[in-house]
Amino acid sequence: MPSNPPEFINGMPMTEFLGMEITDAEDGHARARLPFREELTFNTGRFVTMHGAASFALADNVGAAAVMSQFEETRPAFTIDLRIDYLAAATSDLTAEAEVLRFGGSVAVADIIVEDEEGEAVAVARGSFRT
């Protein structure tokens with residue numbers, strides 16, 4: 001059976017809880033979305049922004065989906081490390097895109113860009129995943 005990362009990841013309780021969706025994953029590339037919801041925000045009383053943990057989870061899942069898209073059959077790609085740089089406050093729905101840079105015998109590396117609904121980058125990440 002060919003690998004189906006969206007079905008696998010979208011069915012996980014954490015993904016469902018966050019309202020996140022892997023929209024597609026194929027040939028070392030993946031895309032995902034995360035709606036802006038009050039439950040996922042950091043609210044200081046002066047401004048409201050998506051909590052960094054929510055955008056981190058989005059980056060982590062889309063990176064794993066990109067790696068999983070290169071497996072022969074559906075199985076998890078466990079995160080070894082994920083480093084993220086936050087570039088701007090996220091105040092709208094988010095999308096993320098990942099591309100596998102290297103797919104080795106035991107480790108894969110993926111780059112991830114997280115954007116707001118205006119297409120502005122709000123975070124960039126690089127993850128390593130066990131293959």
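These legends go with several close-up views of a predicted model.

**View 1. The whole chain, from one end to the other.**
Let's start with the overall picture: the chain has 3 helices and 8 strands. Follow the sequence along and you'll meet them in the pattern α-α-β-β-β-β-α-β-β-β-β. The radius of gyration is 14 Å, close to the 14 Å that the globule rule gives for 131 residues, so the chain is as compact as a globular protein of that length. If you boxed up the C-alpha atoms along the principal axes, you'd need a box of roughly 50 × 25 × 25 Å.

**View 2. The open sheet and its two edges.**
In which order do the 6 strands of the open sheet sit? Going across, the order is 1-2-6-7-8-5, and the pairing is antiparallel. Strand 1 (21-26) and strand 5 (79-86) are the edge strands; each has a single partner strand, so one side of each is left without a neighbour in the sheet. From one strand to the next, the twist averages 15 degrees.

**View 3. The hairpin of strand 1 and strand 2.**
Here strand 1 and strand 2 make a hairpin, with 2 residues between them. Look in the turn for Asp 27, which has a positive phi of about 50 degrees. The pairing of strand 1 with strand 2 (residues 29-34) is antiparallel and runs over 5 bridges. To find one of these pairs, start at Ile 22: its bridge partner in strand 2 is Ala 32.

**View 4. Strand 6 and its partners.**
Now move further into the sheet. Strand 2 and strand 6 run antiparallel and are joined by 6 bridges. His 29 is a handy landmark, since it stands opposite Glu 99 in strand 6. How many bridges does strand 6 make with strand 7? There are 9 bridges in that pairing, again in the antiparallel sense. One example is Leu 94, whose bridge partner in strand 7 is Asp 116. A hairpin through 3 residues takes the chain from strand 6 to strand 7. As you look along these strands, keep in mind that side chains in a regular strand alternate between the two faces of the sheet.

**View 5. Helix 3 lying across the strands.**
Helix 3 (residues 52-68) lies across strand 1, strand 2, strand 5, strand 6 (94-103), strand 7 (107-116) and strand 8 (121-130). Against strand 6, helix 3 runs at about 45 degrees.

**View 6. The largest pocket.**
The largest pocket holds about 160 Å³ of space. Which strands each supply at least two residues of its lining? They are strand 2, strand 6 and strand 7, and strand 6 gives the largest share, with 5 residues. Among the lining residues are Arg 31, Ala 32, Thr 95, Glu 97, Asp 111 and Ile 113. Sorted by class, the lining has 5 nonpolar, 1 polar and 5 charged residues. You've already met two of the lining residues: Ala 32 and Glu 99.

Notes
Residues numbered from 1 in each chain as written. Predicted model: local features only at pLDDT ≥ 70, side-chain atom pairs only at ≥ 80, totals over all residues. Heavy atoms only, no water. Pairing = 2+ DSSP bridges. Helix = DSSP H or I, 4+ residues; strand = E, 2+ residues; numbered from the N terminus. Axes fitted to C-alpha atoms, helices over the stretch in contact; angles between N-to-C directions. Contact = heavy atoms within 4.5 Å. 1 Å grid on protein atoms, 1.4 Å probe; cavity = no way out; pocket = protein on both sides within 12 Å on 5 of 7 lines; lining within 4 Å. Points joined across faces, edges and corners; volume = space filled by probe spheres on them. Nonpolar A, V, L, I, M, F, W, Y, C, P; charged D, E, K, R; others polar. Rg over C-alpha atoms; globule rule 2.2 N^0.38 Å.
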